[in-house]
Amino acid sequence: MSNFLWVLFSIVGYIAGLYIMLKTTPMLLARSYDEGLFMAIAAADILGAILAFGGIIVMLAVFNANIFIKIIDFILLIGVMLITARLAMFSLRPRYATRTNKISQIAAGIYCICLVVAAVYCIVQLFIS
(Lines give C-alpha, C1' and ligand atoms only; values in the text may rest on other atoms or scores of the structure.)
Protein backbone atom coordinates (compact mmCIF):
# COMPACT_ATOMS: atom_id res chain seq x y z
CA MET A 1 0.00 0.00 0.00
CA SER A 2 1.32 3.45 -0.78
CA ASN A 3 2.37 5.84 1.94
CA PHE A 4 -0.34 8.29 0.93
CA LEU A 5 -3.04 5.76 1.76
CA TRP A 6 -1.43 4.98 5.13
CA VAL A 7 -1.40 8.67 6.00
CA LEU A 8 -4.97 9.12 4.78
CA PHE A 9 -6.22 6.17 6.85
CA SER A 10 -4.26 7.43 9.85
CA ILE A 11 -5.78 10.91 9.66
CA VAL A 12 -9.28 9.46 9.21
CA GLY A 13 -8.71 7.17 12.21
CA TYR A 14 -7.41 10.08 14.28
CA ILE A 15 -10.42 12.26 13.48
CA ALA A 16 -12.85 9.38 14.05
CA GLY A 17 -11.21 8.59 17.39
CA LEU A 18 -11.47 12.16 18.62
CA TYR A 19 -15.07 12.38 17.45
CA ILE A 20 -15.97 9.17 19.27
CA MET A 21 -14.32 10.43 22.46
CA LEU A 22 -16.11 13.78 22.23
CA LYS A 23 -19.49 12.12 21.81
CA THR A 24 -19.21 9.21 24.26
CA THR A 25 -17.44 10.70 27.28
CA PRO A 26 -20.32 13.05 28.25
CA MET A 27 -22.74 10.11 27.96
CA LEU A 28 -20.84 8.32 30.72
CA LEU A 29 -21.76 10.94 33.29
CA ALA A 30 -25.48 10.12 33.41
CA ARG A 31 -24.95 6.37 33.85
CA SER A 32 -24.07 4.38 36.92
CA TYR A 33 -20.71 2.66 36.71
CA ASP A 34 -22.24 -0.81 37.23
CA GLU A 35 -24.74 -0.59 34.35
CA GLY A 36 -24.15 -2.55 31.18
CA LEU A 37 -24.69 0.53 29.07
CA PHE A 38 -21.93 2.34 30.98
CA MET A 39 -19.55 -0.49 30.08
CA ALA A 40 -20.56 -0.36 26.40
CA ILE A 41 -20.10 3.41 26.26
CA ALA A 42 -16.76 3.13 28.08
CA ALA A 43 -15.64 0.49 25.56
CA ALA A 44 -16.55 2.85 22.72
CA ASP A 45 -14.59 5.61 24.46
CA ILE A 46 -11.55 3.34 24.73
CA LEU A 47 -11.92 2.44 21.05
CA GLY A 48 -11.87 6.16 20.23
CA ALA A 49 -8.63 6.60 22.16
CA ILE A 50 -7.09 3.60 20.40
CA LEU A 51 -8.04 5.06 17.01
CA ALA A 52 -6.65 8.49 17.89
CA PHE A 53 -3.33 7.22 19.21
CA GLY A 54 -3.13 4.51 16.54
CA GLY A 55 -3.41 7.09 13.79
CA ILE A 56 -0.44 8.92 15.22
CA ILE A 57 1.71 5.82 15.70
CA VAL A 58 1.01 4.40 12.22
CA MET A 59 2.28 7.59 10.58
CA LEU A 60 5.37 7.51 12.77
CA ALA A 61 6.06 3.88 11.89
CA VAL A 62 5.46 4.19 8.14
CA PHE A 63 7.91 7.05 7.68
CA ASN A 64 10.60 5.73 10.07
CA ALA A 65 10.37 8.72 12.43
CA ASN A 66 11.15 11.38 9.83
CA ILE A 67 11.48 14.86 11.39
CA PHE A 68 8.56 16.23 9.33
CA ILE A 69 6.34 13.37 10.53
CA LYS A 70 7.51 13.96 14.10
CA ILE A 71 6.34 17.57 13.83
CA ILE A 72 2.96 16.48 12.44
CA ASP A 73 2.63 13.87 15.20
CA PHE A 74 3.54 16.52 17.77
CA ILE A 75 0.70 18.73 16.52
CA LEU A 76 -1.72 15.79 16.54
CA LEU A 77 -0.68 14.86 20.09
CA ILE A 78 -1.24 18.44 21.20
CA GLY A 79 -4.75 18.10 19.75
CA VAL A 80 -5.36 14.90 21.72
CA MET A 81 -4.00 16.53 24.84
CA LEU A 82 -6.21 19.62 24.52
CA ILE A 83 -9.38 17.68 23.76
CA THR A 84 -8.91 15.16 26.55
CA ALA A 85 -7.99 17.91 29.02
CA ARG A 86 -11.20 19.69 28.08
CA LEU A 87 -13.15 16.45 28.57
CA ALA A 88 -11.50 15.93 31.96
CA MET A 89 -12.48 19.42 33.09
CA PHE A 90 -16.00 18.85 31.78
CA SER A 91 -16.26 15.53 33.61
CA LEU A 92 -14.87 16.68 36.94
CA ARG A 93 -16.66 19.99 37.37
CA PRO A 94 -19.50 19.94 39.92
CA ARG A 95 -23.04 19.71 38.63
CA TYR A 96 -25.86 20.65 40.94
CA ALA A 97 -28.85 20.95 38.61
CA THR A 98 -28.29 17.95 36.35
CA ARG A 99 -28.59 14.26 37.03
CA THR A 100 -25.10 12.79 37.15
CA ASN A 101 -23.45 10.05 39.13
CA LYS A 102 -20.45 11.20 41.15
CA ILE A 103 -18.54 7.91 40.73
CA SER A 104 -19.10 8.01 36.97
CA GLN A 105 -17.86 11.59 36.88
CA ILE A 106 -14.70 10.60 38.74
CA ALA A 107 -14.11 7.54 36.54
CA ALA A 108 -14.52 9.52 33.32
CA GLY A 109 -12.34 12.34 34.66
CA ILE A 110 -9.54 9.99 35.70
CA TYR A 111 -9.71 8.25 32.32
CA CYS A 112 -9.35 11.60 30.52
CA ILE A 113 -6.49 12.63 32.80
CA CYS A 114 -4.74 9.35 31.97
CA LEU A 115 -5.13 10.14 28.27
CA VAL A 116 -3.56 13.57 28.84
CA VAL A 117 -0.64 11.92 30.64
CA ALA A 118 -0.30 9.39 27.79
CA ALA A 119 -0.21 12.22 25.23
CA VAL A 120 2.48 14.06 27.21
CA TYR A 121 4.47 10.82 27.50
CA CYS A 122 4.23 10.27 23.74
CA ILE A 123 5.39 13.84 23.09
CA VAL A 124 8.42 13.31 25.31
CA GLN A 125 9.23 9.96 23.69
CA LEU A 126 8.75 11.45 20.23
CA PHE A 127 11.76 13.71 20.55
CA ILE A 128 13.95 11.70 22.93
CA SER A 129 14.30 8.54 20.88
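Biologist: D45 is buried yet has no salt bridge. Which side chain of opposite charge is nearest, and how far away is it?
Modeller: Happy to start there, and do keep in mind that this is a predicted model. A salt bridge needs a nitrogen of Lys or Arg within 4 Å of a carboxyl oxygen of Asp or Glu. D45 has no such bridge, and the nearest side chain of opposite charge belongs to R86, at 11 Å.

Biologist: Which side chain, then, makes a polar contact with the side chain of D45?
Modeller: Let's first place D45 in the fold: D45 sits in helix α2, which covers residues 36-62. Beyond four places in sequence, D45 touches M21, T24, T25, L28 and Y111. One of these neighbours is joined to D45 side chain to side chain, by a polar contact of 2.8 Å, and that partner is T25.

Biologist: L28 is on that list of D45 neighbours; is L28 buried or exposed?
Modeller: L28 belongs to helix α1, which covers residues 3-28. Leaving aside close sequence neighbours, L28 is in contact with F38, I41, A42, D45, S104 and A108. Buried means under 20% relative accessible area. L28 has a value of 4%, so the answer is buried.

Biologist: How far apart are the C-alpha atoms of L28 and A108?
Modeller: Along the chain, these two residues are 80 residues apart. In space they still meet, as A108 is among the contacts of L28. Their C-alpha atoms are separated by 6.9 Å.

Biologist: Where does F9 sit, and how far is its C-alpha from that of G55?
Modeller: F9 is found in helix α1. With a relative accessible area of 48%, F9 counts as partly exposed. F9 and G55 are 46 residues apart in sequence, while their C-alpha to C-alpha distance is 7.5 Å.

Biologist: Let's move to the loop. With which side chain does the side chain of S32 make a polar contact?
Modeller: S32 lies in the loop between α1 and α2. Not counting neighbours within four places in sequence, S32 is in contact with F38, N101 and S104. The polar contact, at 2.6 Å, is with the side chain of D34.

Biologist: How far apart are the C-alpha atoms of S32 and L76?
Modeller: In sequence, S32 and L76 are 44 residues apart. S32 sits in the loop between α1 and α2. From there, the C-alpha to C-alpha separation to L76 is 32 Å.

Biologist: A30 is in that loop too. Is A30 buried or partly exposed?
Modeller: The cut-off for buried is under 20% relative accessible area, and exposed means over 50%. A30 comes to 28%, which means that A30 counts as partly exposed.

Biologist: Now the cysteines. How many disulfides are there?
Modeller: A disulfide is a covalent bond between the sulfur atoms of two cysteines. The rule applied here asks for a pair of cysteine sulfur atoms within 2.5 Å. By this rule the count is zero.

Biologist: Which cysteine sulfur is nearest to that of C114?
Modeller: C114 takes part in no disulfide. At 47% relative accessibility, C114 counts as partly exposed. Its nearest cysteine sulfur is 9.3 Å away and belongs to C112.

Biologist: And why is C122 without a bond to the closest cysteine sulfur?
Modeller: C122 is also a partly exposed residue, at 24% relative accessibility. The closest cysteine sulfur to that of C122 is in C114, and a bond is ruled out because the gap is too far, at 13 Å.

Biologist: Stepping back, what pattern does the protein chain follow along its sequence?
Modeller: The protein chain has four helices and zero strands. Its C-alpha trace spans about 50 × 30 × 20 Å along the principal axes. Read along the sequence, the pattern is α-α-α-α.

Biologist: Last one: what share of the accessible surface belongs to carbon and sulfur atoms?
Modeller: Of the 129 residues in the protein chain, 34% are buried. The accessible surface comes to about 7,500 Å². The share of that surface belonging to carbon and sulfur atoms is 77%.

How values were computed. Residues are numbered from 1 along each chain as its sequence is written. This is a predicted model: local features need pLDDT of at least 70, side-chain atom pairs count only at pLDDT 80 or more; totals for chains, interfaces and linings use all residues. Side-chain values use heavy atoms; hydrogens and water are left out. Helices (H or I, at least four residues) and strands (E, at least two) are DSSP runs, numbered from the N terminus. Buried means under 20% relative accessible area, exposed over 50%, partly exposed in between (1.4 Å probe, protein chains only). Lys and Arg count as positive and Asp and Glu as negative; His and the chain ends are not counted. A polar contact is a pair of N or O atoms within 3.5 Å; within protein, one must be able to donate a hydrogen and the other to accept it, and residues adjacent in sequence count only if both atoms are side-chain atoms. Contact means heavy atoms within 4.5 Å. Accessible areas come from the Shrake-Rupley method with a 1.4 Å probe; for residues, only the protein chains shown count as cover.
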